[in-house]
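Good morning, and thank you for the opportunity to present. Please take a moment with the sequence and the structure before I begin.

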Amino acid sequence: HITMEAPLAPAARAKDMAVGKYYAAARADTLSFWTHEGQKMAYFQFGTTELKGTYEIEGGVIKVCWTKKIWSKPGRSQKIEEAVEICEEMTVEENYMSARFRDGLYRHQHLVGEDDD
């Protein structure tokens, strides 16, 4: 006989970060979360450097593993892409609408009055 896998009940699903961009007060950095083909993706842009990777949420902690670093040398427009393995933790705040990361509180675009692109 055939056994069908039961879909996860909504209550069993972990809470997840609100999709979109996050901004920290008085910083130009942006942090973003979204899902792509079932993978939880994270993106962080600070200065001329970008980090791309994946994340998981465990008990109110966002565990991010950056796998790509994209940067350019001062005065150059050409971007250099390199593989990295940097794992960092962020704390979930404001009901999955904010993340505390690198000494800043990154708040979802809707909390700071930014519209969707």
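I should like to begin with one pair of residues: V92 stands opposite A99 in β7. Please bear in mind throughout that this is a predicted model.

That pair leads to the strands around it. β6 and β7 pair in the antiparallel sense, and three bridges link them. They form a hairpin with four residues between the strands, and in it E94 takes a positive phi near 50°.

Moving along the chain, we come to the next partner of β7. How many bridges join β7 to β8? There are four, and these two strands also run antiparallel. Here R100 stands opposite L105 in β8. The hairpin of β7 and β8 has two residues between its strands, and R102 in the turn shows a positive phi of about 45°.

Strand β8 covers residues 104-108, and H108 belongs to it. Is H108 buried or exposed? H108 counts as buried, because its relative accessibility is 2% and the cut-off for buried is under 20%. Leaving aside neighbours within four places in sequence, H108 is in contact with A18, V19, G20, K21, Y22 and M97.

Let me take up one of those partners, G20. This residue lies in strand β1, which spans residues 20-24. G20 and H108 are 88 residues apart along the chain, yet 6.9 Å separates their C-alpha atoms. G20 likewise counts as buried, since its relative accessibility is 16%. Beyond residues up to four places away in sequence, G20 touches L31, S32, F33, H108 and Q109.

Two of these names, L31 and F33, bring us to the interior. The largest nonpolar core has 21 residues, and those with the most contacts inside it are M17, L31, F33, Y55, I62, W66 and M90. The elements giving two or more residues to this core are β1, β2 (30-36), β3 (39-46), β4 (49-58), β5 (61-71), β6 (80-93) and β7 (98-101).

Finally, consider M17. Which residues does M17 touch, not counting those up to four places away in sequence? They are Y22, F33, Y55, I57, I62, V92, Y96, S98 and A99. With V92 and A99 among the contacts of M17, we return to the pair with which I opened, where V92 stands opposite A99.

Thank you for your attention.

Technical notes. Residues are numbered from 1 along each chain as its sequence is written. This is a predicted model: local features need pLDDT of at least 70, side-chain atom pairs count only at pLDDT 80 or more; totals for chains, interfaces and linings use all residues. Side-chain values use heavy atoms; hydrogens and water are left out. Buried means under 20% relative accessible area, exposed over 50%, partly exposed in between (1.4 Å probe, protein chains only). Contact means heavy atoms within 4.5 Å. A nonpolar core is a set of buried Ala, Val, Leu, Ile, Met, Phe, Trp, Tyr and Cys residues joined through side-chain atoms within 4.5 Å. Two strands pair if DSSP finds at least two bridges between them.
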